[in-house]
Every structure is written in structure tokens, then in C-alpha cells.
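Here are a few notes to read alongside the structure. Keep the view open, and take the points in order.

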Amino acid sequence: MSVPTIVVHRDADVLAKAVAARIITRLVDVQSAKGSASIVLTGGTVGIATLAAIAATPARVAVDWRRLDVWWGDERFLPTGDKERNETGAREALLDHVDVDPERVHVMLGPDSGLTAEESAEAYATDLRKASRPEDHGPVPNFDVMLLGMGPDAHVASLFPGMPALYDTRPVVAVHGAPKPPPTRISLTLPAIQSSREVWVVAAGEEKSGAVRLALSDSGPVQVPSAGARGRGRTLFLLDRTAAGKIPPGLGRMASP
């Protein structure tokens, strides 16, 4: 796994706009090289603000949205259209404003599908398996970029400290008893996250500073899930100044104005 690079921006607003610019550049570069690209989206305040920033910039036209596969790192097990679903936020912020191919937007199904959480997780694992290619060497595509938020408890996706999902080697699991509502969720596991070519952990706010410090230390991923959020080729921790306030001495930092 790659060693994290830390990039610090002035505040949450600048962070969202900077990540939006990075996403556009990354997708354009990948599409130029191989024709299509894939991205894994996250929810949360900064995650949705980033998608809104993409929708707001004229540079979004540089991306061929029809040649983009959209996935999610996790989802709240709620009905389609529920305001708390990551999918709903992503559609309102970005996907409804660009010409994505509906067949390439891969949602995690909710209870209105008639599936249980376990069945929804298995259905998503099947979609991932169908999308993977021989060169991916596994049941999950090597995503071009995976966006992950991080909680004050250092969770990523819906992988919370100490929970059974952190020991699971399947690519997707149902999560029950999550410590923040709703308690039932669907989540990629660490092996699926680590299949990504690039993993970008995005965090803002002083309440995240302790989790950032732990994620960049020698902590184990069972107690600090974000410590396991690493990409095969590149890992970025994209932070605002307050979230970066407790970074351990000696770690490299690239500070923006």
C-alpha cells in the first residue's frame, strides 16, 4: 500500500473546491489514457460540497460523464430518495446536473428493493465482480479514485472502530448496530478500499484532528479504520488547517495558501 501524502488547505470551502479540481483532472487524465474512468463517492458535508463544487465549475465539461462508472463506498440502508442516503445527496449535488449513463451509476439498494441488508451487500458484490477485469486480479475493480470521508472516531465508509466488518474479507458487507444513525448500513470493506489505484481521505474541522493524527500514525485499522484507508498507487489526505492541527511531527505536509 502507498504512503500517504498530506495536502492542507485553508478552510473547508477551499478544500471542497480544491478536491473538485483534483477530481476533474484525475478523471480527464484517466479517460485520456484508457477511455473510461471510475470513481467511488462518499457522503458527508465535505463530500457533498465537493460534488456541488464540481457541478458549479465550467471545467466539469472536460469530463466525459458518459464514460464514467460511479460507485459508493457505503450507504445508509434507507429507501430510495431518502434525504439521508449518500446517493440522494450525490444526485442532488452533481449527478442530476451532468450527463451520466444511468447504467454506469451503481447504487447500493435499500429496503424498498425488497432485499435485506445482507442481500443488498451481496448484490453490490456481484456488480463489482461483473465490473472487474482480469488485470484487476480480484473481485473488485481497481477504482481510479476513491473518495472517503472520516469521522471523529476515525471511521471511514461505514467501518466503525472495533466492529466485525473490519475483520471481513468479503468486498461488501451489511453493517448492523452502527454507533451513529441509521444503525443498518452497507459498506465496502478494507480489502475493497485497498483495491483502489488512488484513495483520497477528505476531512475538515477541528473535531477530526485527533482522528487524522491516529490515521497517520502506526495505529492498527481495527481500532482506527482510517489507518487502513490506503490506495495501491497513491493515498492522499486532503485536509483543512483545523483537521491537520494535530498531525504528528516529522510527517510531510504540503500547505496551500
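**Notes on strand S2 and the two largest pockets**

1. Let's begin with a unit you can trace by eye. Strand S2, helix H2 and strand S3 form a β-α-β unit, and its hand is right-handed. In residue numbers, H2 covers 44-56. Please remember as you look that this is a predicted model.

2. Now look at how S2 meets S3. The two strands, residues 37-41 for S2 and 68-72 for S3, pair in the parallel sense, with five bridges between them. To find the pairing on screen, start from Ala37, which stands opposite Leu68 in S3.

3. S2 has another partner too. Strand S5, residues 145-148, also pairs with S2 in the parallel sense, here over two bridges. Which residue of S5 is the bridge partner of Ile39? That partner is Val145.

4. Is S2 mostly covered or open? Mostly covered: five of its five residues are buried. Here buried means that under 20% of the relative accessible area is left.

5. Follow the side chains along S2 next. Ala37, Ile39 and Leu41 point one way, while Ser38 and Val40 point the other way. This is a pattern to learn early: in a regular strand, side chains alternate between the two faces of the sheet. In S2, the residues pointing either way are buried.

6. Turn to the largest pocket, with a volume of about 420 Å³. Of the 25 residues lining this pocket, Gly43, Gly44, Thr45, Gly149 and Met150 are the closest to its centre. H2, strand S4 (74-76), S5 and strand S8 (198-203) each give two or more residues to the lining. The largest share comes from H2, with five residues, so you meet the helix of point 1 again here. By class, the lining has 10 nonpolar, 10 polar and five charged residues.

7. Finally, compare that with the second largest pocket, whose volume is about 190 Å³. Which residues lie nearest its centre? They are Ser36, Ser38, Asp69, Ala131 and Arg133, out of 14 lining residues. S2 and S3 each supply at least two residues of this lining. Its classes are four nonpolar, three polar and seven charged residues. Ser38 is worth a second look: this buried residue of S2 is among those nearest the centre of the second largest pocket.

Conventions. Residues numbered from 1 in each chain as written. Predicted model: local features only at pLDDT ≥ 70, side-chain atom pairs only at ≥ 80, totals over all residues. Heavy atoms only, no water. Buried < 20%, exposed > 50% of the residue type's maximum accessible area, 1.4 Å probe, protein only. Helix = DSSP H or I, 4+ residues; strand = E, 2+ residues; numbered from the N terminus. Pairing = 2+ DSSP bridges. Right-handed = clockwise from strand over helix to strand, strands pointing away. 1 Å grid on protein atoms, 1.4 Å probe; cavity = no way out; pocket = protein on both sides within 12 Å on 5 of 7 lines; lining within 4 Å. Points joined across faces, edges and corners; volume = space filled by probe spheres on them. Nonpolar A, V, L, I, M, F, W, Y, C, P; charged D, E, K, R; others polar.
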